[in-house]
Amino acid sequence: MNVPRKKQFKYLLLLGTMLFSTAALFAQQGTIKGTVTDVNGDPIIGANVFIEGTTQGTVSDVNGAYTLPNIPAGTISLSVSFVGYLKETQSVPVTDGSISESNFVLIEDLQQLSEVVVIGYGTQKKSDLTGAITSVDAEDLQRLPNTGMTTLLQGMAAGVQVLQSSGQPGTNPVIRIRGLATVNGGSPLIVIDGISGGSLNDLNPADIESIEILKDAASQSIYGAAGGNGVILITTKKGQKGIRVQLDVFAGIQGPWKTNLGIADAQEYAAIYNKYQETRGSDIYFPNEGGVFLNPETNEPLTNTEWTNEIFRTAFVQNYNVSLSGGNKISTFFLGFNYNDEDGIVKKTNGKQYIVRLNSENKIGKRVTLGENLNLSQNRLQQQSEFNEYSSPLGTSIQMLPFIPIKATDGSGNFAYRDAGLSSNVTNPLAQIEYNNNFSKSRSIIGDVYGRVEIIKGLTFESRFGMGYNPTEYRQFVPSYIIGNLDNPSASQSVPNNQYTYNITMTNRWQWQNFFNYNFLLGNYHNFTLTGGMESTSSEYEVTNRTQAFEDDSLIFDPEEWEDFADADELDLLQPTVIRPTRSYAYFVRLNYDFRGILLFQGNFRRDYSSMFGQNQRVGNFPSFSVGIKFSEIAAVKNLGIFDFGKIRVGYGETGNSDIVPFQYLSTIGSLSMHDYPFSDVLINGAALVTAGNADLKWESVVTKNIGADFRFLKNRLSFSVDLFQRENKDMLLRKSVPLTVGYVVTDAGNELGDASRDTRPLVNYGTLNNKGFEFTATFKNKVGIFDYEVYANFTRAKTTIDDIGDPLYAGSGRGTANVNRTVNEGPIAAFYGYEIDGIYHEEDFTWYYTNRWRRVVEVEGGAIEVEGTDENGNPVVLTTNTMAAAPGTFRYVDTNGDGEITTDDMVQIGDPNPDFTYGFGANFAAWNFDLSLFFQGSYGNDIFNLMKVNTYNIDNGGLNISGELSDAFIPATYDAGTASSLPQQLTPAENTTTGIKRMDAVLTSSEFFVEDGSYLRLKNAQLGYTLTLEKVKIKKLRFYLGATNLLTFTKYSGFDPEVNERILGGTQTNILEKGFDRGTYPQARMFIFGLNCTF
Amino acid sequence: MKTLYEKIIKKWRILFLATPLLTLSCSEKFLETELTGLATEEFYYSTVSGISELVTGTYASLNTCPANLHTLDVMYVAFGSIASDEAEAGGEIGGNDKVDFQNWDKGIPTATEQEAISQNNWAYSYKTIQRANQTLAGIAKYREDNASIPSDSAALLNQFEGEMEFIRAFVHFKLTQIYGGVPIIDHLLSSSEYGITRKTVAECLHFVQERLEIAIDLLPTKGAYGPGNAGRATSGAAEALLAKASLYESSYAENYAGDERFAGCEQKYAEALTHAQNVINSGEYTLLGINGETFDTYWNQNGSTIYPESTPGYRYIFTVDGENSDEDVFSVQSINDGLPVYMISRGTYLTIYMTVRNTSVSTLGWGFNCPTEDMLNDYEPGDPRIIVTIGRDGDPVYINDEWLTMSCVQSPTNMIGRKFEASPEQYWGTRGHDSNGPNNFTYIRYADVVLFAAEAAFKTGDQTTALEYVNMIRKRARDGATTGVPEDLSSISFDDIINERHYELALEGHRFFDLVRWARTEFIVGQPLQKWLNGVERPSPVSNAFTVGVNEFSPIPQVEIINSNGSLIQYPGYE
């Protein structure tokens, strides 16, 4: 009988009890016999057959048969249960002396009732969880093409937001667990096989066994100060009995899903520009011959370059994955190798990744287990600049004039420069791509060794030591170059020297954990698991920046040889290497208790010690508890027959946020140019306080409350989980106003926005923020005949509101706008601020009046705004003193504060980049040997501020391209001078089309007009596979598939891509205060692949 | 019988139990880590050159430019001259330019009206004090950490300490002039000390005097500094400021008896006289042109004559070449560094603010600080200081390397101040930005010290000495000639001293503070203001609304009242 020893013992006990109980039998007895089989008719061996409400029972034999003699007569309730199957109960009439037959067909429990999840320093049965933990298993991940760990999690789990800000290979999305708990950003803690502080980007998704996401403090607080932003626990694959070889390969192509952004082509631009020139009485710029506009310099018909198309390409992707695993009773091992090569959809972008993973586990005797994990990875990237409307080809491709050819017209082979006549200040995006050689290479070695001893039954001790080493090099090379016509210096730009920049960052860390787990039963019903131990961590972060300009332009940069290009040590050190070492240690204890598997309790306590802060604030205590009740186990509920499973969970906990730069308790002093002083007219280097330290600085403290419930209905086919949560950050780190008298800060009166470089204020634990929401997950699985299907959905709403941060925080400044993103009290994080628009001004809205010159005024509520007039010579002037430039055809901004003026005080919240909710849903189908999976993911209710529109909706924008919609726009009128006694006369009537959206040449700034709905729904993944079974050639499984990523996108957003999100600052750093501010986003690619999975 | 394996396991159990206990002993020592590569206080405190950089950084704070473009010198002129009877705000025609300047012209504005200018003055002043305190903390730490310091380093440290004591006293003094009693910040504040309160005028002045006494002993004389040190605080500067602080205290005590704001002030005219005379008798300073030297005498080193030969030596003090001359006691240094970055440039906005606004030369100045008709009329006709101080239509002005004719039609008074126009330097041709003004701002000029001495002597009853000093100033004014205007006085009254300061120091930011300490604000009360004010053409002249008993001092910036959570309180009349 293949029954575990422990179970055998139980059964013996059970049988013993039965024998004992038979001594007290009544006279009237019968016998029940029957079989236990699965749905295919195969016998289930060792199933537990027992009479409800008694201890009488038996187990099924090798044929699935059982016999229960000596059953009292009457109708009894007979149940059968077996691990992995749903419990089945039947009513059986028993009559004296006869044999009743009762056969059971057990249905597989698709929910894996006994499934165990990792909870940090231990495991727990999933059905006993009292915290909010989501599991994603390998099977779910492996339906998606391997495009990186983080990306794969997008839309997979309720409460887990994966924000992609760029489709560039190597830019890693950020993960937010249940929205934001701090304005300082903060990513979840990543724990790989028990060792914390790792990075998802170094892992190969194919090596992952399971992912657990700890979403509430009740489950996070075992990680203390590091847990406040959520914890992601990764368990990697281990070898299993026998030898197994797995091969997964795919290759495909990818490209942009949208390149036409509605901006003008060459002929449209010329038509609109000429019309503008004509109307204001200037010469037309583009000659016109038979309806075709000509280039003013060459008199040839205008060529047209579709820049937003030219920067893209159809790119090749390939991925190879091989793993070998195996084991016997004593040892297991796993060896995996992955190679991924992805060309980005923007030219000259590429990512190549190699990952090797090795682990083994060995049993020494019966009680000792020793093992190790080793993960090596190398990631090479070639990237283009992003998040900058001036230097990124994604931004400049929208702004570059369409009639400029790619290459200069003089045959020199140079890239074309901007148009001299229109003096545009935008660089040829293809030249930017060509001359920007931006490489990075990061390597990582992560490994750990561990040992586990079962000291006595139920008590294990585990020690685990892990190390990580992660150097990343960034190299940038800009060669000397000339753009434009050689013969025309005013229409060319040249850089005489090769410029080489080299940065290296290095992370070095180790962690050592020692802990116990003790599981014991008190009495029959009180089940305890105690976990306790300590952990110490040391990490060092090092940064070095070097740069040099080489006059020798014969130096040719060869991307393939880039590593050998120059010895970095020879370059000029820009500043000393900065090393920030931090150390911490912690003690933790956890108690799990359950009463009869019905009442559940968990309590955690962790005490953290960290060098992150000054002497006084190095200790933090992080308690939490949660309780649950499996109400479906209560007899009364059970009898209802509605719930196959039902549990309610309530949790409370405190965690910290320590995802901050260490050493901020110290004052730093800097030597900036503004600290220099001219003694005897010669500048002498000076130094002064840059940031004041604060010895009292401590962790941000986050308090979370969670209430959740899990249900399963319809014979476990339908499962449903829902959670409501509330998080409060009470000590958010901020720079808060202190009295000016302290001398730390200059809140510059002339500049309401202050100047960050002069902000010497110390960080303080001041801000409060709350974060509320709910989330649910639902899955329905069924099988109809040969047709297997599963549909699932998840939904997350997480709303973060600032309670108090003192002074507002600003971000989102770009061409034509300043501080669009504002984080203010009682608002969301990074809301858009600007003017509300109440239509546009018309000629009749204005009246003229004369003071010392003619002025045109418009009446607004509460007063008159002087907006535009003529100077002494009759030239139109726009008065800007304390007023927004306004004229017929410009936006009528709303005077929200009613002071009769339109000033920056009238800016109000005009949009919110944070979604109302995010969601994912999908379906998997299998029939015959085919499988089909579809996965959708979306975001609803988030806004995007389209910065690129601010520039392209003004013809007088300094020679940038314009939106095609401007062909319907207003044309400004011109006036003669007028005299003191006569009004200026309108020389050219303004074209006032009713469809006109605005005046063509109005200077624009942040307003509602540029805020767009950023909601989207994406068919993230679609895959159709066919599986061959080829047992004769020892191939266990061979599956071919066709897949597509981002096949369909539904959105109203007009830019390249609706996934704009947070601005990436470099590496894994993002500025969460600049969100949804589109400077020309590197779009998510649409990818088509063909692949195969093969298992030997 | 136990197997070997079982024995080992038994031992291991103990071992495994012991391991976490060992690690439990992890002490706080484990947490001691060191940041490298980033400059902390400790790094700068550890070397004399680090401290030297902190000293320089403290001076740099004196020529800081806030985002509203009012450099500290521009603000000082607004407080001292525009607020008085000698000048109007000016600026763009229509009187709507730099609203805070216009407000200052009307009389001392309310806390809200003066927000920008006063808030910046307060913030940057205390920022300078913070830097001085930080540097002093560094010096103390260095001395504490280094048992034996080589004598040259020790001397340098003494000099640095003196410089910081001087700057800290100097900024506190300026704040007291403007706001009356202010918080005294004499060390780096910890967060528990943010509940700042204001001290009395007397306490502030006593603090200033006490620290300057220390500074005098620590600082070298002007002549004792080696080359390359022009601009550093000297013992002469400290003593001159001490004379000024003593004189202010004496005036307040004499003229505001019974006024709560000045409680504790004493008449110290004798001390003021001693300190001023110590400076005069040091031989370190000269009134340029007192022996008949002309502009050319000093300037001719450049080999060409720009002003006519007859231009007085007095003119030379106000040119860029005349900076740090023998008449200079303490001035804040600025250079045209060509940096087109307004908050970073080490130049000053003073030049562009104070130069004539002229439609025919589009790149000219903004035309603030316009002398009043009264100012012009107060001079004795023919006083050579008039043409140096006041520019009128048709006067020659050296701009862009050539002589142009000045047009003052855009000035509300049809006149412009000339003391900060920077010629004959070719500033207008070389500047990269409005922030590149090269003018030093002279806070203490030797003539000022001579007049302190005259005033102090007069008040101690020594009219002879007072007369001698006033006549020294008048002699220089007439280019050292024995006869001519202004003639030597034969006898002296206090009004003569008032007038001589008026003539000699016009538009340099002193007048308002002088009138206040003398309680002679009748010059300000009811003074007619420019026709254009706040963008509105006044049908009839408006009068300066100075309220005696209130407007002697400015209100503390409202934002700071709010920041202080009630620990800072306005003087009566401003609550």
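Across the interface of chain A and chain B, 13 residue pairs are in polar contact, both partners at pLDDT 80 or more; a polar contact here is a pair of N or O atoms within 3.5 Å, where, within protein, one must be able to donate a hydrogen and the other to accept it, and residues adjacent in sequence count only if both atoms are side-chain atoms. This is a predicted model, in which local features need pLDDT of at least 70 and side-chain atom pairs count only at pLDDT 80 or more, while totals for chains, interfaces and linings use all residues; side-chain values use heavy atoms, with hydrogens and water left out. Residues are numbered from 1 along each chain as its sequence is written, with chains lettered from A and ligands numbered from 1 in the order in which they are written.

On the chain A side that touches chain B, strand E32 (residues 578-595) gives the most, with 9 residues; helices (H or I, at least four residues) and strands (E, at least two) are DSSP runs numbered from the N terminus. Just 1 salt bridge is counted between chain A and chain B, a salt bridge being a side-chain nitrogen of Lys or Arg within 4 Å of a carboxyl oxygen of Asp or Glu. Arg346(B) pairs with Asp676(A) in a salt bridge, with the closest N and O atoms 3.2 Å apart. As for the contact itself (heavy atoms within 4.5 Å), chain A puts in 75 residues and chain B 75 residues. Together the two chains bury about 6700 Å², 64% of it on carbon and sulfur atoms; buried area is the accessible area (1.4 Å probe) that two parts lose on being put together, summed over both. Within chain A, Tyr677(A), Phe679(A) and Thr741(A) lose the most area to chain B, together 12% of what that side buries.

Turning to chain A as a whole, there are 10 helices and 63 strands. Of its 1096 residues, 55% are buried, where buried means under 20% relative accessible area, exposed over 50%, and partly exposed in between (1.4 Å probe, protein chains only). Among the contacts in chain A with a separation of 6 or more, 70% come from residues 24 or more positions apart. Chain A exposes about 44700 Å², with carbon and sulfur atoms supplying 54% of that; accessible areas come from the Shrake-Rupley method with a 1.4 Å probe, and for residues only the protein chains shown count as cover.

Some of the chain A surface is nonpolar. Ile243(A), Leu324(A), Leu335(A), Leu358(A), Leu374(A), Leu376(A), Ile445(A) and Tyr469(A) make a nonpolar surface patch of about 610 Å². Patches are built from residues with over 30% relative accessible area and no salt bridge, like charges being joined within 9 Å and nonpolar side chains (Val, Leu, Ile, Met, Phe, Trp, Tyr) within 5 Å. One patch member, Leu324(A), sits in strand E21 (residues 315-327) and counts as partly exposed because its relative accessibility is 31%.

Ile213(A), in strand E16 (residues 208-214), counts as buried because its relative accessibility is 0%. Leaving out residues up to four places away in sequence, Ile213(A) touches residues including Ala132(A), Ile133(A), Val160(A) and Val231(A). Gln161(A), in strand E12 (residues 160-163), is also put in the buried class, at 9% relative accessibility.

Salt bridges add up to 61 over all chains. In chain A, Lys1020(A) and Glu1059(A) form one, with the closest N and O atoms 2.9 Å apart. Lys1020(A) lies in strand E58 (residues 1016-1030) and Glu1059(A) in the loop between strand E59 (1035-1051) and strand E60 (1062-1066), so the pair ties together parts that are 39 residues apart in sequence. Both Lys1020(A) and Glu1059(A) are buried.

Over in chain B, a network of salt bridges links Glu327(B), Glu380(B), Asp383(B), Arg385(B), Lys419(B), Arg445(B), Arg474(B), Arg476(B), Glu500(B), Glu504(B) and Glu508(B). Within it, Glu380(B) and Arg474(B) have their closest N and O atoms 2.6 Å apart. This pair links distant parts of the chain, 94 residues apart: Glu380(B) is in the loop between helix H14 (373-378) and helix H15 (385-389), and Arg474(B) in helix H18 (residues 463-477). Glu380(B) is partly exposed at 25% relative accessible area, whereas Arg474(B) counts as buried at 4%. Another network member, Glu504(B), is found in helix H19 (residues 494-504) and is buried, with a relative accessible area of 0%. The Glu504(B) side chain makes a polar contact with that of Arg476(B) at 2.6 Å.
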